[in-house]
Amino acid sequence: MSIQVRNVRKTFGDFVALDDVSVEIPSGSLTALLGPSGGGKSTLLRVVAGLEQPDSGLVEIEGREATRLPAQERGVGFVFQHYAAFKHLSVYRNVAFGLEIRKRPKAEIKKRVTELLELVHLENFADRYPSQLSGGQRQRMALARALAVEPAVLLLDEPFGALDAQVRKELRVWLRNLHDQVHVTTVFVTHDQEEAMEVADSIVVMANGRVEQIGSPDDLYDQPANDFVMSFLGPVTQLAGRLVRPHDLELFTTPDVDTVPAEVQRVTRLGFEVKVDLRIDGRDAWAQVTRGTAEQFGLEAGRTVHVRRAPDRIALPVRSA
Amino acid sequence: MVKVGLRVTVLAYLTMLLVLPVAVVLWHTFHSGVGPVLRALGTPAAAHAFQITAVVTFYAVLANTLFGVLAAILLVRYRFPGKRVLNALIDLPLAVSPVIVGLALVLVYGRTTGTGKALAQLGVSIIFSIPGMVLATVFVCIPLVVRAVAPVLEEIGDEQEQAASTLGAGSWQTFRRITLPAIRGALAYGVVLALARSLGEYGAIAVVSGRLVGRTQTVTLFVQERYQNFDQQAAYAAATVLVATAVIALLISRLLRPKELAR
């Protein structure tokens, strides 16, 4: 295991940020800490980096007890949401910072920084200052800076959170590819389930300072441990008092085994997908079908269809609020 | 119209309070040429006063620079009990008259007090000598560096410092390589203010120094003493040098500001 967190608790005054959290991150993996804001994921990342001290519990990095170790001795690379670029230093000097601190020979620093700037496609920007870069470029610089010292683990706190949607999507793919090249154990924090599913091998879902579930993106989507994980990772609707995925609803024109009648309220075409708003037994629900299905059924507002959950698909009881 | 009115008011205000008096001092200084000015400044008493002012100012500014940066970091970066009290104490010298500061120092360190006697036995004398004058000057300048640096520290935040620590920098390296360059402009400004204030300090120094001509007389005390003894040429000449030094210091602080921060 590259990172082991055991029974960590952290409070800020009365607020419990981490409540007995235990997580293991295998070497070489790319893991997402996913959850709503205030769920404790950034705090967990900062505890691993040594930027916060836990009230109790243990942190091990690469088999070494690190709970009381200061940040500068942990050998972690940390990337901040707002880049934390050293404004008075050029891109080159930013990336070289960790190596200069370690008093490496000038020639070695030059070689390593040049390689890293190529890796993050900033080789032509070495002499620029951070204020002359776009947000995406700054974040790539911050990543190169963190990688320069060859950290045991790379920690990214909402790395794409401050970027606009287009750059965000590009950088996601780019991070995934970078990890395939560099193989450093990587943990990133996000509140965007799509980002987590697209980039990570493994996802840790956190809410209210607790770990809700750990697993691969497919596991979490298909076998959510509870209704929170199910709702957070994908679309949900309710059928017969149970939480189901809208694309797991089967529609029929005539009654069939286990079906219930539903009135179509509205049909919305979203390209290939069609969203069908239904009224079932006095409750609103919706189904996601393909365009072909919608046309085959001639779905339109006012029609009555018969609905059931596709066999063997996940359904969780709705927690009484 | 409002804009023009405002401009005229502000200019008139500054002219009456600042430009006119300084211009009159300059005119009095040079109205019979440069020769008498140089002669007035060349007397042993004048030279000695400049030396005393230089020494007192140097130590006072040095002490306030170190204390100012430490206090600003403490106030902005840390949470601790008594923080609000410390914050209020730092502004106290602005509210207390320098003369009272001087009297307070005499009451604590004077030769007839317990502390003064104990120090005297160790061969240290505070009142009527340089250490007391430095103390008095330090006290009146306390807020200047802190209040220049603290807002900038607040504004730059602590993420750059945290990034430096994850990259392996210890606290001194982080301060020298990251924090200090970021606060450089503000620090220079605070130091210049402290310098100007130290050069011009009169009230506290007057009480603490005992105004011993040729021993503890600073330039401000020299100006006042010469003026009262009808040696106006010397008084004006020394005053002009004080004003010129302050103006030059301010100009230098403008030039020291890094370009990317000024933008």
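Here is a short chat about cavities, a pocket, a helix and a hairpin in a predicted model.

In this predicted model, local features need pLDDT of at least 70 and side-chain atom pairs count only at pLDDT 80 or more, while totals for chains, interfaces and linings use all residues. Residues are numbered from 1 along each chain as its sequence is written, chains are lettered from A and ligands numbered from 1 in the order in which they are written, and side-chain values use heavy atoms, with hydrogens and water left out.

Student: How much space lies in the largest cavity?

Tutor: On a 1 Å grid over the protein atoms alone, a cavity is a set of points where a 1.4 Å probe fits but cannot get out, and lining residues have an atom within 4 Å of a point. Grid points are joined across faces, edges and corners, and a volume is the space filled by probe spheres set on the points. The structure holds four cavities of 30 Å³ or more, and the largest has about 70 Å³.

Student: Which element gives the most to that cavity's lining?

Tutor: By class, the lining has ten nonpolar, no polar and no charged residues (Ala, Val, Leu, Ile, Met, Phe, Trp, Tyr, Cys and Pro count as nonpolar; Asp, Glu, Lys and Arg as charged; the others, Gly among them, as polar). Strands E1 (3–12) and E2 (15–25) and helix H1 (41–49) of chain A each give two or more residues to it; helices (H or I, at least four residues) and strands (E, at least two) are DSSP runs, numbered from the N terminus. With three residues, the top contributor is H1(A).

Student: Which residues are closest to the centre of the largest pocket?

Tutor: A pocket is an open set with protein on both sides within 12 Å along at least five of seven lines. The largest one has a volume of about 1000 Å³. Of its 29 lining residues, the closest to the centre are B:Arg77, B:Tyr78, B:Asp158, B:Glu161 and B:Gln162.

Student: Why is helix H8 of chain B largely enclosed?

Tutor: Buried means under 20% relative accessible area with a 1.4 Å probe, protein chains only. B:Gln160 and B:Glu161 are among the buried residues of H8(B). The helix is largely enclosed by the rest of the structure because, of its eight residues (159–166), the number buried is seven.

Student: What is the bridge partner of A:Arg279 in E16(A)?

Tutor: Two strands pair if DSSP finds at least two bridges between them. Eight bridges join E15 (residues 273–280) and E16 (residues 283–290) of chain A, which run antiparallel. In E16(A), the partner of A:Arg279 is A:Asp284.

Notes
Buried means under 20% relative accessible area, exposed over 50%, partly exposed in between (1.4 Å probe, protein chains only).
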